[in-house]
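User: Hey, got a minute to walk me through this model? I'd like a feel for how the pieces fit together.

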Amino acid sequence: MQVLKFGGSSVATAENIEKVVSIVQDKIKSDKTIVVVSALGGITDILLSCGALAAKGNEEYRQQLQAAETRHLDAVKSLIPVTRQSRILSQVKKQCNELEDICNGIFLLRELSMVTKDRIVSYGELLSSQIIAAKFESLGLETAWKDSREMIITDNNHTNAAVDFLITNKNIAEYFASTNAQVTVLPGFIAADANGYTTTLGRGGSDYTAAIVAAALNVSNFEIWTDVSGMMTADPRLVSTAKVIPHISYQEAMELSHFGAKVIYPPTIQPVMKKQIPVWIKNTFLPNDGGTIIESATIKNGNSIRGISSINSVVLLSLEGSGMIGIPGFSKRLFESLASEKINVILITQGSSEHSICVGIDERNSDLAKKTIDASFAHEIETGKVDPLNVERDLSIIALVGDNMKSHTGISGKMFGALGRNGVNVRAIAQGSSERNISAVISMLDVKKALNVLHEEFFETTYKQINLFIAGVGNVGSRLIEQLRQQHAYLQQHMRLQIRVIGIANSKKMLFNEDGIDTAKWKSNLEKGTDMKLDTFIETIRSMNMRNSVFADVTANSELAGRYDQLLEKSIAVVACNKVACSSSYEYYTRLKDLSREYNAPFLFETNVGAGLPVIGSLNDLVRSGDSVNRIEAVLSGTLNFVFNNYNGTQTFAEVVKQAQDEGYTEPDPRLDLSGKDVMRKIMILAREAGESLEMEDISNNTFMPPSCMEGSVDDFYKEMAKHEDHFKKLYEEADKAGNKLKFVAKFQDGKASVGLQHIEPQHDLYHLYGKDNVVLFYTNRYTEQPLVIKGAGAGAEVTASEVFADIIRAGR
């Protein structure tokens, strides 16, 4: 004999029921079959709603009842041939009338007891099971329908009754010994107490009904058919990469179901585990999928973790006080208080100091729990030995489950390390001595991120996913996105990284897509985005709360740079092409550095100096390895180097500057480059990275630009430069006459920094610097006579974008 259970989604519509019938027809070829069914999908909730509405005096329950009746009648008409419909239509109509009478009584009394609630919801399974039995009969199958209330006997704890297995097992054995039906259809979920009153086995109790029957008959095959292809490594609604678990032990399945895995009702495992009956979880809509088998001995999958699960809407109750230390009985009284009100404890944790004890319970019971515990400890609270019960709300429990965790070192460290790196704060921890489960209490807002982080850490062998937000899609930003698109396959294949662009913004529009923005169509999609508002943009990134988040700032916006702290505080890595943050006040610079360390969120800004050159990274390596920087000499402006390498008096200075701007070497406002301010920022950043607490006002600037050129608009700037051509020509001719070149040089030595135009002699390291190249000379304790020289292209959108790209990879890894 075999037992097949079909859930609400499997019998939600006539079309779905046809799939159920097809599966059963195939199964009965091998053995007699017991079919346990739930109510049609959604009906239980409708019936509970009807009872609640009637109790409130709201006549809307009548419309809901009518809709439920119509749905069942329509199912009969779709499933049963016309010539055989009358009997079952009459049964459905009769039971719907009974249901309406009960609700009318509730409406008149304005009272809904637990006994009546169980009676109301029982009609869902009674109706569905009779319709499905009639379908089997219409196909000529030898079919029996049996009311489960006549076999499964419970106590009178309505809505979650406990089964009397001695009587129940006897009833089931006697009934099935007396029937020869090919198919026996039972309503799940419902039972009766010793007085014949209808009880229910808890939401999801149809699984339990099937397990009770399977264990009582010691069947050879027990299958639970649902709308997923087995138990999953995580909830697929929250973790898109969740996988089916092919094999799982009874104990692992109980742990996962207890901690929120909805595929199977937690008590279901207990009856069949005692009889060592394997349980199959199968998909009604994909019957050929392998599914999950739950049994005593499982096949090792090379992973110590079998699955990850979570429970939402949990509150943490903390009983604390100095009067608890060393005094026995406090825990006993706490649990007695909760037990007296039938409040279930989900999680327990206690510090070794005995100063406090924490328990997790369902949020619905929080007010009652506080009231009863505070009453139980009223004397201790009044005398100051114990504090009033502390209740923390809006929490969730996440749990790692696996038999192979036992004595396997490093699991907890890996779990909490991954959560910590992603800014998920853990409020409480619990691990049983069986080492089959590690549980952590976290904020409900962090559940999705936490599940994805842990799933990636323990189950993803193919790639790590980085979720990227980009501000600024001009020259550099647009090339960055193109490089990301081009390298997508390479990164996944060779570096096991998948970089998804989740958010993009320019000065006018912003666009977000949690599933990733198509990098081939980002321009057209961004045009359709919402209006850019900086507060909204930053808050959206924070509230999306995605794992492995990286924010790339490819703007020159000072206001945006002032918001980095809000991102780092949420463990969002920041990659800054924007120099404003690192060249702002030393206080803000150090705050960002401190936040980066505190929240495990990288703060990287390699492109701040030298565009694509490894200047800052090399400087960091020197300092970290114990070297000290004594002097820095550098040409740090690709723009100025381009200008002075190309200006020889044959073109006007203004024309050469315009050429530099047209070729993408300058800032949007070229005056930032020509004033020397940009170079000041860069030498200050290098000085700070070398350990000096420098501010902008500490740097001297020997500017070569006439003051009038720096006023007005960019157009005014070019006009004014043309007027001062003689000035620029004189600068060039003086250097050329001496056989020197003009270079705008930045220096740092003995805690002081300066920038300015200099004559560079042919034998100097800075002389042979062409085009838009930059060069940095580091004189250190190790590099004394010959400096460490870093030289190369110091401007250009393509190389800058590539180094931003490299920082993103570093941040993600």
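User: How many bridges pair β18 with strand β19, and in which sense?

Analyst: Before anything else, this is a predicted model. β18 and β19 (residues 497-505) pair over 8 bridges, in the parallel sense.

User: Which residue of β19 stands opposite Phe469?

Analyst: That's Gly503.

User: And how many residues of strand β18 are buried?

Analyst: 7 of its 8, so this strand, residues 464-471, is mostly covered, counting a residue as buried under 20% relative accessible area.

User: Switching topic. What's the strand order in the open sheet of 8 strands?

Analyst: The order reads β3-β5-β2-β1-β8-β10-β11-β9, and the pairing is mixed. At the edges sit β3 (143-145) and β9 (247-249), each with pairing on one side only. On average, neighbouring strands in this sheet are turned by 20° against each other, ignoring direction.

User: Which helix packs on the sheet by touching β1, β2, β5 and β8?

Analyst: Helix α1, residues 14-27. Its direction makes about 175° with that of β1. Helix α5 (residues 114-138) packs on the sheet too, where it touches β2, β3 and β5. The direction of α5 is at about 165° to that of β5.

User: Do strands β1 and β2 run parallel or antiparallel?

Analyst: Parallel, with 5 bridges joining β1 (residues 2-6) to β2 (residues 33-37). One of the partnerships is Gln2 with Thr33 of β2.

User: Now holes. How many cavities of 30 Å³ or more does a search of the whole structure find?

Analyst: Just 1. The largest cavity holds about 30 Å³ of space.

User: What lines the largest cavity?

Analyst: Met1, Lys32, Thr33, Ile34, Phe176, Thr179, Asn180, Ala181, Gln182 and Thr184. By class, that lining comes to 4 nonpolar, 5 polar and 1 charged. Thr33 also turns up in the strand pairing, as the bridge partner of Gln2.

User: Pockets next. What volume does the second largest pocket have?

Analyst: About 690 Å³. It is lined by 35 residues, and the closest to its centre are Val476, Cys577, Thr666, Glu667 and Pro668.

User: Which elements give two or more residues to that lining of the second largest pocket?

Analyst: Those are α15 (475-495), α22 (638-646), α24 (671-674), α25 (677-689) and α28 (797-812). Sorted by class, the lining residues are 12 nonpolar, 17 polar and 6 charged.

User: Last topic: helix packing. At what angle do the axes of α23 and α26 cross?

Analyst: Roughly 145°, and the axes come within 8 Å. Helix α23 covers residues 653-662 and α26 covers 714-723. On the α23 side the contact uses Phe653, Ala654, Val657, Lys658 and Gln661, while α26 brings Phe717, Tyr718, Met721 and Ala722. These contact residues split into 7 nonpolar, 1 polar and 1 charged.

User: Phe717 caught my eye. Why does it count as buried?

Analyst: Because its relative accessible area is 0%, and buried means under 20%. Phe717 lies in helix α26.

User: What is Phe717 in contact with, neighbours within four places in sequence aside?

Analyst: Val657, Pro670, Arg671, Leu674, Met705 and Cys709. Val657 is one of the α23 residues from that helix contact. Phe717 and Asp669 are 48 residues apart along the chain, and their C-alpha atoms are separated by 9.6 Å.

User: Great, thanks!

Notes:
Residues are numbered from 1 along each chain as its sequence is written. This is a predicted model: local features need pLDDT of at least 70, side-chain atom pairs count only at pLDDT 80 or more; totals for chains, interfaces and linings use all residues. Side-chain values use heavy atoms; hydrogens and water are left out. Axes are lines fitted to C-alpha atoms, for helices over the stretch in contact, and angles run from 0 to 180 degrees between N-to-C directions. Helices (H or I, at least four residues) and strands (E, at least two) are DSSP runs, numbered from the N terminus. Contact means heavy atoms within 4.5 Å. Ala, Val, Leu, Ile, Met, Phe, Trp, Tyr, Cys and Pro count as nonpolar, Asp, Glu, Lys and Arg as charged, and the others, Gly among them, as polar. On a 1 Å grid over the protein atoms alone, a cavity is a set of points where a 1.4 Å probe fits but cannot get out, and a pocket is an open set with protein on both sides within 12 Å along at least five of seven lines; lining residues have an atom within 4 Å of a point. Grid points are joined across faces, edges and corners, and a volume is the space filled by probe spheres set on the points. Two strands pair if DSSP finds at least two bridges between them. Buried means under 20% relative accessible area, exposed over 50%, partly exposed in between (1.4 Å probe, protein chains only).
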